[in-house]
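This report reads a single protein model from its buried parts outward to its open ones. Please keep the sequence and the coordinates in view while following the text.

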Amino acid sequence: MGFKCGIVGLPNVGKSTLFNALTETAAAQAANYPFCTIEPNVGNVGVPDARLDKLAAIARSAKVIETQLSFVDIAGLVRGASKGEGLGNQFLGNIREVDAIVHVLRCFEDGDVTHVEGRVDPIADAETVEIELMLADLDSLEKRLPNFAKKAAQGDKEAKVAAAVLGQALDLLRAGKAARLTEPRDIEEGRVFAQAQLLTAKPILYVCNVDEGDAATGNARSARVFAKARAEGAEAVVVSAAIEAEIATMPADERGDFLAELGLEETGLARVITAGYGLLKLLTFFTVGPKEARAWTVHAGASAPEAAGAIHSDFERGFIRVETIAFEDFVALGGEARAREAGKLRAEGKNYIVQDGDVMHFLHS
């Protein structure tokens, strides 16, 4: 099961530099001109989780495998993208394919790095992108809604559902608000709304790219972005892409001291990854044994069979039951055998809802 976060932003905000550091590669060409990233580059990154190492140490696992998120570096957007300006159509199509948006905003001054709008204003930059996404959604729904309304009038049940929930989204967009504020009334409306793949329905994480000196505390510009995020139920983190790019080239054993000198407890990229994970409402369960300790990803609310399917589709189809131990019990009791003896290992069926940190063993036909 793959989860993708699309990294977007106006040209020259540090988007590709951040992507390069995030994936510790030079896959994305970072250059001081628009559209240097034309084809979306994709990088998979491990989600930091200290619990995994503890489990591996107890089980003496030969391998440790983190769960992963995919980050997609998408071409820089310019005003008019919703009408096909620049690489607009391609940009919008690439966003449609991701699960969440990581919006990089320039919160630093640098006379050597041009800004496509001729000024440094992260709120205005965010609004430029949002307007283009809203215009694209507005155009899409205005074309689709009349057909749904016509079918609904003829008694088509699916069309009635679509007309209701997408009509609500259209009203929001016409009022200048994102489609993510739509409130489906039931599971069926939620399903139809998700299938519509509206750009402004995707959850968003704002990444404030600041100078090295502001990496620990942020600055006045990033504070404005955090206020915006709070107001709209989004997330925000502060990162210095320049620092992250430097860290990416360092040996792992030198990074801690370097971060400490800058007053940082962890890399900005770790915060981006963790925030992206939370933004998608994901949780982690573990499988542990002598061969490997491994973290797996599912949506919050996933059932035991769905978790089995994250490992292999055959496990979901042939699911019988799952044996599960809470992470805290596994660690406190020193492993599966003692957890079983203490009655902390539970056998659960198809209706069990996976909890974050569950250590699971699936039985299947």
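Why is helix 1 (residues 15-23) described as largely enclosed by the rest of the structure? The model is predicted, and in it eight of the nine residues of helix 1 are buried, so the helix is largely enclosed by the rest of the structure. The buried residues of helix 1 are K15, S16, L18, F19, N20, A21, L22 and T23, where buried means under 20% relative accessible area.

**Nonpolar cores**

In soluble globular proteins, nonpolar side chains tend to be buried together. In this model the largest nonpolar core holds 53 residues, and the members that touch the most other members are L69, F71, L205, Y206 and V207. Helix 10 (residues 268-279) supplies the largest share of this core, namely six residues. Leaving aside residues up to four places away in sequence, L69 touches F3, G43, N44, V45 and V47, and it also touches I273, G276, Y277, L280 and L282. A second core, separate from the one just described, has 16 residues, among them L170, A179, V192 and F193.

Y277, one of the contacts of L69, can also be placed relative to T297, since the two residues are 20 positions apart in sequence and 9.3 Å apart in space, C-alpha to C-alpha. T297 belongs to strand 9 (residues 292-299), and its relative accessibility of 6% means that T297 counts as buried.

**Aromatic pairs**

How many aromatic pairs does a search of the whole structure find? The search finds three, and ring pairs link F285, W296, F319 and F362 into a cluster. A pair of aromatic rings is described by the distance of the centres and the angle of the planes. Two of the pairs that involve F362 are set out below.

| Pair | Distance between ring centres | Angle between planes | Class |
|---|---|---|---|
| F285 and F362 | 6.0 Å | 80 degrees | edge-to-face |
| F319 and F362 | 6.5 Å | 65 degrees | edge-to-face |

Because planes over 60 degrees apart count as edge-to-face, the angle of 80 degrees places the pair of F285 and F362 in that class, and the angle of 65 degrees does so for F319 and F362. The pair of F285 and F362 links distant parts of the chain, with F285 in strand 8 (residues 282-288) and F362 in strand 12 (residues 359-364), 77 residues apart. F319 lies in strand 10 (residues 319-325) and F362 in strand 12, so their pair ties together parts that are 43 residues apart in sequence. F285 is buried, F319 is buried with a relative accessible area of 7%, and F362 counts as buried at 10% relative accessibility.

Strand 10 also contains I325, which is buried with a relative accessible area of 3%. I325 and V359 are 34 residues apart in sequence, yet 5.1 Å separates them in space, C-alpha to C-alpha. When residues up to four places away in sequence are not counted, the residues that I325 touches are F330, E336, A339, K344, L345, G357, D358 and V359.

**The largest pocket**

Rolling a probe the size of a water molecule over the atoms shows where empty space is left. The largest pocket has a volume of about 840 Å³. It is lined by 28 residues, of which D99, A201, K202, P203 and L279 are the closest to its centre. By class, the lining divides into 15 nonpolar, six polar and seven charged residues. Helix 6 (187-195) and helix 10 each supply at least two residues of the lining, and the largest share, three residues, comes from helix 6.

**Two loop residues with positive phi**

Most residues other than glycine have a negative phi, and most peptide bonds are trans. Which value of phi does Q197 have? Phi of Q197 is near 50 degrees, a positive value in a residue other than glycine. Q197 is in the loop between helix 6 and strand 6 (204-209), and at 40% relative accessibility Q197 counts as partly exposed. K281 likewise has a positive phi, near 55 degrees, and is a residue other than glycine. The place of K281 is in the loop between helix 10 and strand 8, and at 60% relative accessibility K281 counts as exposed.

Conventions: Residues are numbered from 1 along each chain as its sequence is written. This is a predicted model: local features need pLDDT of at least 70, side-chain atom pairs count only at pLDDT 80 or more; totals for chains, interfaces and linings use all residues. Side-chain values use heavy atoms; hydrogens and water are left out. A nonpolar core is a set of buried Ala, Val, Leu, Ile, Met, Phe, Trp, Tyr and Cys residues joined through side-chain atoms within 4.5 Å. Buried means under 20% relative accessible area, exposed over 50%, partly exposed in between (1.4 Å probe, protein chains only). Helices (H or I, at least four residues) and strands (E, at least two) are DSSP runs, numbered from the N terminus. Contact means heavy atoms within 4.5 Å. On a 1 Å grid over the protein atoms alone, a cavity is a set of points where a 1.4 Å probe fits but cannot get out, and a pocket is an open set with protein on both sides within 12 Å along at least five of seven lines; lining residues have an atom within 4 Å of a point. Grid points are joined across faces, edges and corners, and a volume is the space filled by probe spheres set on the points. Ala, Val, Leu, Ile, Met, Phe, Trp, Tyr, Cys and Pro count as nonpolar, Asp, Glu, Lys and Arg as charged, and the others, Gly among them, as polar. Rings of Phe, Tyr and Trp (its six-membered ring) pair if their centres lie within 6.5 Å; planes under 30 degrees apart count as stacked, over 60 as edge-to-face and the rest as tilted.
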